[in-house]
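Visitor: I have a model open and I'd like to learn how to read it, one feature at a time. Where do we begin?

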Amino acid sequence: MAKWLDTAIFYEIYPQSFQDSNGDGIGDFQGIIRRLDYIRDLGCNAIWMNPCFESSFHDAGYDVTDYYQAAPRYGTNEDLKQLFDEVHRRGMHILLDLVPGHTSVESPWFKASCSLEENEYSNRYIWTNDMMWAKEKIPGINNWLFGISDRASAVAVNCFSTQPALNYGFGTVTAPWQFSADSEEAQKGRLILQDIMSFWLDLGCDGFRVDMAASLVKADPDHHYTKLLWQKVRAFLDEKYPEAALVSEWGDPKEALEAGFHMDFLLHNGPTHYMDLFRETPYFSKKGDGDISEFVKAYLEHYNRTNGKGLCCIPSSNHDMKRMHHLLDEEEMKIAFAFLLTMPGCPFIYYGDEIGMRYMDGMPSKEGGYDRTGSRTPMQWDHSANAGFSSAAPANLYLPIDPNENRPTVEKQLADPDSLLNLIKALIRLRSEHPALLSGSDIRFLYAEPHAFPFVYERLHETETLTIILNPSANEASCPLETNPGEVIFSYSGDAKWETGTLTVPKCSFTICRR
Ligand code: NOJ
């Protein structure tokens with residue numbers, strides 16, 4: 001079942017900012033096709049592409065108006081099919097971004113649903129029978145819209161006010177207008193979702209990253225009914241599309257995997273302590289004031305409950321958070337990537353993080369990006385106009401290119417043997433050559449003490465044990481380590497040394513040993 005996930009290393013593409021092929025200033029499918037060899041040569045063999053369906057773009061595509069149609073600014077459904085084919089021709093896989101919880105307010109479904117006249121869309125969204133409900137707080141409902149249609153009622157909002165919630169029912173029903181999660185109406189929602197999935201899987205995509213996957217059933221605080229819903233979707237996929245992968249934006253791997261997802265992300269919000277790694281007070285900083293122990297504690301809790309069932313995935317960053325380079329410099333990022341690429345679960349590299357693209361502070365909001373906009377600027381390819389992203393006039397670009405003349409580019413970094421990009425390539429190669437580094441191989445943490453360095457763990461396979469020794473701090477660090485970790489197979493900035501039960505690790509370095 002989706003065996004390809006065992007060795008997958010993902011690259012996240014924000015389609016509007018990756019590569020423009022027709023000079024309109026916005027990235028597109030043909031542009032992505034042109035850059036597939038780059039992604040393959042980096043060592044990534046799987047792609048997650050952010051939403052690409054027809055949309056009103058009040059939230060960069062997370063506000064769909066037609067689930068069956070590619071957004072014209074990216075190309076046609078035929079172009080998208082060509083992208084799937086080109087991805088497969090290179091032995092790679094691609095996930096589309098599926099937004100099941102809400103559409104755009106401009107969706108024809110929602111417009112029909114606003115009508116006073118009863119029609120097939122009347123209950124596709126969560127409408128109350130009385131505007132008074134617009135003041136109520138119900139778990140899973142972010143807000144209400146009212147006074148926007150002839151219906152004298154309020155409609156539930158899933159995230160932004162432009163995103164009315166689709167109706168998958170309620171866990172606990174407390175009012176006559178609420179459908180129960182097992183009602184026919186709620187099941188219809190799921191069947192439509194399955195139909196959308198079939199449409200794209202038939203065209204050749206390999207699965208979905210599912211937006212706000214935990215949000216579907218309302219008044220379902222422990223997600224019992226939401227999990228039941230996804231278990232049905234997973235059973236449907238296993239039967240009809242056994243190779244399809246389901247990756248959730250849930251932020252709680254143990255719950256998400258119970259729901260039937262193959263993998264879940266560690267997120268910037270939620271209980272996983274992901275933010276302790278590269279953001280807030282980052283552990284992977286020379287300052288040495290971060291703490292890895294809470295992350296490890298939370299990780300183990302999820303890992304132990306999911307091991308063997310699915311994977312927790314650690315992203316370098318994504319389109320919703322400040323880039324890794326915001327608080328980490330290039331040297332620190334090298335050690336952060338050594339961690340990311342030696343952990344269990346599929347690594348996810350956000351486009352541009354591999355060359356250390358900047359988070360552009362103070363960028364005016366674009367398409368509902370707000371402070372996320374600074375992480376969504378065009379990919380920096382080379383020294384040509386617009387850094388090789390587009391032939392459009394600079395004023396017509398989707399977002400401006402980083403104006404810093406020393407901005408990193410793929411071209412510069414490929415030419416520099418010591419670049420972040422070349423180090424990441426080497427680490428990915430190492431990962432693919434060592435079974436102990438496979439996503440499903442076990443992990444044992446050896447040293448992860450509160451506010452201490454280094455950070456040491458083992459990856460285990462019946463044929464080998466690799467020890468990963470990371471010291472992001474600006475001081476040499478040492479720790480007790482009972483067993484000699486063996487021969488050094490990869491190191492950066494000096495080798496860690498083991499002597500009679502003590503490991504001594506140079507500052508700002510990492511070492512990978514094998515025994
Ligand atoms: C999570 C997505 O990653 C984010 O970009 C979007 O704004 C919300 N879900 C709403 O769909």
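Guide: Let's start with one helix, and keep in mind that this is a predicted model. In α9, the buried residues are Ser293, Phe295, Val296, Ala298, Tyr299, His302, Tyr303 and Thr306.

Visitor: What do the buried residues of α9 pack against?

Guide: Their partners come from helices and strands alike: α7 (253-258), α8 (275-278) and α10 (330-340), plus β11 (311-315), β13 (442-447) and β14 (455-461).

Visitor: And how far does α9 reach from its first C-alpha to its last?

Guide: It spans 20 Å over 14 residues, 293-306, close to the 20 Å expected at 1.5 Å a residue. After the helix comes Gly308, with a positive phi near 90°.

Visitor: You mentioned β13 and β14. How do I read the sheet they belong to?

Guide: The general idea first: strands of a sheet pair through backbone hydrogen bonds, either parallel or antiparallel. Here, the order is β13-β14-β15-β20-β17, an open sheet of 5 strands with antiparallel pairing. β13 and β17 (487-492) sit at the edges, each pairing on one side only. On average, neighbouring strands of this sheet are turned by 20° against each other, direction ignored.

Visitor: How does α9 lie on that sheet?

Guide: α9 packs on it by touching β13 and β14, and the helix direction makes about 155° with that of β13.

Visitor: Which residue stands opposite Leu466 in β20?

Guide: That's Arg514. The two strands involved, β15 (residues 464-471) and β20 (residues 509-514), pair in the antiparallel sense over 6 bridges.

Visitor: Can we try another antiparallel example?

Guide: Sure. There is an open sheet of 3 strands, ordered β16-β19-β18, with antiparallel pairing. Its edge strands are β16 (477-480) and β18 (497-499). β16 and β19 (residues 502-505) are joined by 4 bridges, and Ala477 has Val505 as its bridge partner in β19.

Visitor: Now for parallel pairing. Which strands run parallel to β8?

Guide: β5 (residues 93-98) pairs with β8 in the parallel sense over 3 bridges, and β9 (residues 245-248) runs parallel to β8 with 4 bridges between them. For residue pairs to click on, Leu96 stands opposite Phe208 in β8, while Gly207 stands opposite Ala245 in β9.

Visitor: Which way do the residues of β8 point, and are they buried or exposed?

Guide: Gly207 and Arg209 point one way from β8 (residues 207-210), Phe208 and Val210 point the other way, and all are buried.

Visitor: What kind of unit do β8 and β9 make with helix α6?

Guide: A right-handed β-α-β unit, with α6 covering residues 224-240.

Visitor: Last topic: why look for a nonpolar core at all?

Guide: Because in soluble globular proteins, nonpolar side chains tend to be buried together. In this model, the largest nonpolar core has 152 residues, and the ones that touch the most other members are Phe10, Tyr11, Trp230, Phe284, Phe339 and Phe455. Helix α12 (residues 420-433) gives the most to this core, with 8 residues. Apart from it lies another core of 12 residues, including Ile126, Trp144, Ala175 and Trp177.

Visitor: Let's zoom in on Trp230. What is it in contact with, leaving aside neighbours within four places in sequence?

Guide: Trp230 is in contact with Pro100, Leu193, Met197, Val210, Ala213, Leu216, Trp250, Ala259 and Phe261. You've already met Val210, one of the buried residues in β8.

Methods:
Residues are numbered from 1 along each chain as its sequence is written. This is a predicted model: local features need pLDDT of at least 70, side-chain atom pairs count only at pLDDT 80 or more; totals for chains, interfaces and linings use all residues. Side-chain values use heavy atoms; hydrogens and water are left out. A nonpolar core is a set of buried Ala, Val, Leu, Ile, Met, Phe, Trp, Tyr and Cys residues joined through side-chain atoms within 4.5 Å. Buried means under 20% relative accessible area, exposed over 50%, partly exposed in between (1.4 Å probe, protein chains only). Contact means heavy atoms within 4.5 Å. Two strands pair if DSSP finds at least two bridges between them. A crossover is right-handed if, with the strands pointing away from the viewer, the path from the first strand over the helix to the second runs clockwise. The expected span of a helix is 1.5 Å times one less than its number of residues. Axes are lines fitted to C-alpha atoms, for helices over the stretch in contact, and angles run from 0 to 180 degrees between N-to-C directions.
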